[in-house]
Amino acid sequence: MLPGRNPAELTLDRFLRLYLPRGPRDPRWTLWIELWARTPGNSALGEAQEELDRGWHEDLEALLAGGVARRRFAPLDAAARASELLALLDGLSTRVVLGQASGRDPRPALEVARSAVRALVAPYAPDAGDGPDGSGDGTGVADDRPGAVGNSPDGNVS
């Protein structure tokens, strides 16, 4: 459901909506919580749970890294950021599925997740000047000369 030619920001929002439960007692999440509860005493279930978690993590990490590579997101540690966001999403999801007062309605959970993304995944800033990764010349100053890389012939940043 995630692949496509959409901007990374839209794909990340789609990831959030796909990951979060649709409401209390969402069958996907009810099963997931049951799996979590049974894994400590069952190594086979623990391995299955780790494999499922790894798939979500790899997808989110690739999405974030791709957004950085396509200059949609500022440089970040994609693996670490994916772990942080998934921990937040798991907590929000558990509240929704359990019908806790602070999370019965899935819409506020999605808004909290979106707010966290805004705080943790900065948009690409062409004048940030990070240097070696191609997002600037390392000076922190945008090159405003007409015809400079990323600028149109009339001197406007493209």
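Helix contacts and loop residues in a predicted model

Trainee: Which residues of helix 4 are met by Phe15, Leu16 and Tyr19 in helix 1?
Mentor: This is a predicted model. Phe15, Leu16 and Tyr19 are the helix 1 side of the contact. On the helix 4 side they meet Leu86, Leu89, Asp90 and Ser93.

Trainee: How many residues of this contact of helix 1 with helix 4 are nonpolar, polar and charged?
Mentor: Asp counts as charged, and Leu, Phe and Tyr count as nonpolar. The contact of helix 1 with helix 4 therefore divides into one charged residue, one polar and five nonpolar.

Trainee: At what angle do helix 1 and helix 4 pack, and how far apart are their axes?
Mentor: Two packed helices are described by the angle between their axes and the distance between the axes. Helix 4 covers residues 78–97. Its crossing with helix 1 is right-handed. The angle is about 40°, and the axes are 10 Å apart.

Trainee: Is aspartate 26 buried or exposed?
Mentor: Aspartate 26 is in the loop between helix 1 (8–19) and helix 2 (27–38). Its relative accessible area is 5%. Buried means under 20%, so aspartate 26 is buried.

Trainee: Which backbone nitrogens lie 2.8 Å from a polar atom of the side chain of aspartate 26?
Mentor: One belongs to arginine 22, at 2.8 Å. Another, also at 2.8 Å, belongs to arginine 28. The names are arginine 22 and arginine 28.

Trainee: Is arginine 25 buried or exposed?
Mentor: Arginine 25 is found in the loop between helix 1 and helix 2. Its phi is positive, near 65°, though the residue is not glycine. The relative accessible area is 71%, and exposed means over 50%, so arginine 25 is exposed.

Notes: Residues are numbered from 1 along each chain as its sequence is written. This is a predicted model: local features need pLDDT of at least 70, side-chain atom pairs count only at pLDDT 80 or more; totals for chains, interfaces and linings use all residues. Side-chain values use heavy atoms; hydrogens and water are left out. Helices (H or I, at least four residues) and strands (E, at least two) are DSSP runs, numbered from the N terminus. Buried means under 20% relative accessible area, exposed over 50%, partly exposed in between (1.4 Å probe, protein chains only). A polar contact is a pair of N or O atoms within 3.5 Å; within protein, one must be able to donate a hydrogen and the other to accept it, and residues adjacent in sequence count only if both atoms are side-chain atoms. Axes are lines fitted to C-alpha atoms, for helices over the stretch in contact, and angles run from 0 to 180 degrees between N-to-C directions. A crossing is left-handed if the near helix is turned anticlockwise from the far one by less than a right angle, and right-handed if clockwise. Contact means heavy atoms within 4.5 Å.
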